[in-house]
Each structure stands twice: as C-alpha cells, then as structure tokens.
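Please open the model in a viewer and keep the sequence panel visible. The tour proceeds by selections, each followed by a short account of what is found there.

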Amino acid sequence: MRRPNRPKAPVQTALLTIVLLVLAILLLEGLHRLYHRSYEETQVPNDCFAAAAATGESAVPKIVCLTFDDGPSCHTGEILDILAEQQVPATFFVCAQEINEPYLPLVAQIAAQGHQVAMHSATHKYSRIYQNTDAFWQDIKALRQALEPYLPLDSLTWLRFPGGSTNTVSHKYGGSSIMKTLKTQTEEKGWHWIDWNVCGEDATAAHPDAAQILKNVQEDAKGHDTCVVLLHDAKAASHTAEALPEIIRWFQAEGYTFYTVEQMSELQSGDK
C-alpha cells in the first residue's frame, strides 16, 4: 500500500535554512576577497604612497606618469616639444654629470612648461654614491647645488634612486641594508621616492628602436590601472623621442589620464 507523503520535520527545514545561509555567507566572503586581491594587484609596486584611490562609487581611475631619467641631454628639447604638442605633463629625474652640464639650463624650461623636476643623481656612479649613506647624500647635495641656478630648491622633494630602491648592486659597496636606510632617511627629510612599474627599456645595451620601446611599454602596462613609466632622455636613449608620440596615443586610447608624479601623489592622498 502506498503511504501518503509526510511533511518535512521542522528540524530538517531549520537545518536546511542554516546550511543555505552559511553557503551564502561563504560565497559573499569569497567574492569580497577576490575583488580586493584583484584591486591590489593593479597597484604601483612601491610603498612610498598609496595606490590609486577610487573615484565615484566604484570606478578606479586609470593614471599614467611618464618619467624621464638621466637627462637633460641633446634629446630633452625634442621630448619637451612633443609633450607640449600633446599637452601631456611628465616628470624628469635629472642628473648633473659632466655630460649633462651643457644642457642644465633646460631644467628651467622643463619647470616653466609645467613639468616636474625631480632628483636622480649628480654622478650616477654606483661605486661612489652607494659607498655609504653619507656618500649618497653628498651626491644629492651636489646635484641640488648644480640645479639651484635654474629653479627653487624647495621644489625638489622627490627622488628616484639610481637603479631603483630595490637594486642589489648597492649592496656590493654599502652593505645589504643601505637601500632600506636611504629610504628611511629620505622620508625623515620629508621627501618622497618612487620607482616604476612600466619600463620602455630604452637605455639598455640592446638599443631598441621606437617600435620595440612602444611594445615594451604596452606589455608592461597590461593589468595596471596606475602606470609609472620609466623612459630616458639621456644622450644614449636615441629612439625615445621617436617612440614618445605613439606611447602617448596608446595610453590615451586606453583611457589613461596623464599626471606628474607629484600630481598623482596629491590625487591619491586626497590633497586635491
């Protein structure tokens, strides 16, 4: 004989409800963690400032900073002309080596056109500047003295360490902790330092042409909503100016907004 269906016991129904609630909570937690992991991976790999803050309710702005190291040189004027034509700001981490000296007056033009002038090195000789921390700061002092005729020294509060803040060649001269100490001392001065997360590789021994420089930038920029692009306006970087217009057009097409490093920091810290 077929037995009539019996309603589920109240206990079974309650247990089923609890299980469903737990599964829903775990699913939401997993989505939350996935979102934040994805967001964090887009950030500039540099602990000197927070990464791009969200604007609006959920949009993350796409930011790019074009940075030029080791100039000024015979190529700096052409780069400035391109930036002026495209109405794009940039940051120049300048040197005061013997090869730079004839072009140091361009520093005033860089600042006058609304770009940021920042510190890199006077000599750029690793064996000298990374002997110890005193040697590094003596080098920066010499750089500031060389730049003093062309712009106010109080505007020079950003620097990029030669080789970057994580370089290991400095360990050969000043020990394994020298970069950590220099970063701390920079911050104690009230200054700021920055590395990069996109590299054009335009100053390598391979001397890439303009097309390869563009390709290098595009490949490195993938997956980053905040890009700090390392380029060079040194004499040896002979194809950078040629590549620059296409680099700018590519970032524009990808929806990026151009800032100097200082402007980006102010935006991210909420000062603007």
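The stops below go from the whole chain to individual residues.

**Conventions**

This is a predicted model, in which local features need pLDDT of at least 70, side-chain atom pairs count only at pLDDT 80 or more, and totals for chains, interfaces and linings use all residues. Residues are numbered from 1 along each chain as its sequence is written, and side-chain values use heavy atoms, with hydrogens and water left out.

**The whole chain**

Select the protein chain and colour it by secondary structure: 10 helices and eight strands are present. Helices (H or I, at least four residues) and strands (E, at least two) are DSSP runs, numbered from the N terminus. Switch next to a surface representation; the accessible surface comes to about 14700 Å², and 53% of this area belongs to carbon and sulfur atoms. Accessible areas come from the Shrake-Rupley method with a 1.4 Å probe, and for residues only the protein chains shown count as cover.

Of the 272 residues, 43% count as buried. Here buried means under 20% relative accessible area, exposed means over 50%, and partly exposed lies in between (1.4 Å probe, protein chains only). Among the contacts in the chain with a separation of 6 or more, 77% are made by residues 24 or more positions apart; a contact means heavy atoms within 4.5 Å.

**Strand 1 and the loop after it**

How many salt bridges does the structure hold? There are two, a salt bridge being a side-chain nitrogen of Lys or Arg within 4 Å of a carboxyl oxygen of Asp or Glu. Side chains of opposite charge can pair when their charged atoms come close.

Select R160 and D69 to display one of these salt bridges, with the closest N and O atoms 2.8 Å apart. The pair links distant parts of the chain, 91 residues apart: R160 is in the loop between strand 4 (158–159) and helix 6 (171–174), and D69 is in strand 1 (residues 63–69). R160 counts as buried because its relative accessibility is 0%, and D69 is likewise buried, with a relative accessible area of 3%.

Move to D70, in the loop between strand 1 and helix 2. Phi of D70 is near 80 degrees, a positive value in a residue other than glycine. With a relative accessibility of 16%, D70 counts as buried. P72 is also found in the loop between strand 1 and helix 2, and the peptide bond from G71 to P72 is cis, with omega near 5 degrees.

**Helix 2 and the negative patch**

Now select E78, D81, E85, D209 and E242, which form a negative surface patch. Patches are made of residues with over 30% relative accessible area and no salt bridge; like charges are joined within 9 Å, and nonpolar side chains (Val, Leu, Ile, Met, Phe, Trp, Tyr) within 5 Å. Which helix gives the most to the negative patch? Helix 2 (residues 76–86) does, with three residues. E85 has its place in helix 2 and counts as exposed because its relative accessibility is 63%.

**Strand 6 and the loop after it**

Select V198, in strand 6 (residues 198–199). Is V198 buried or exposed? V198 counts as buried, at 0% relative accessibility. Neighbours within four places in sequence left aside, V198 is in contact with V217, D220, A221, C227, V228, V229 and L230. A C-alpha to C-alpha distance drawn from V198 to C65 reads 9.8 Å, for residues 133 positions apart in sequence.

H207 is found further along, in the loop between strand 6 and helix 8 (210–221). Phi of H207 is near 50 degrees, a positive value in a residue other than glycine. H207 is partly exposed, with a relative accessible area of 48%.

**Helix 9**

Select E246 and R249 for a salt bridge whose closest N and O atoms are 2.7 Å apart. These residues are separated by about one helical turn because they are three residues apart in helix 9 (residues 240–253). E246 is partly exposed, with a relative accessible area of 40%, and R249 counts as partly exposed at 39%.

**Helix 5**

End at A142, in helix 5 (residues 133–147). A142 counts as partly exposed, at 34% relative accessibility. A122 is 20 residues from A142 in sequence and 6.1 Å away in space, C-alpha to C-alpha.

Definitions and conventions: Lys, Arg positive; Asp, Glu negative; His and termini not counted. Charge placed at Lys NZ, Arg CZ, Asp CG, Glu CD.
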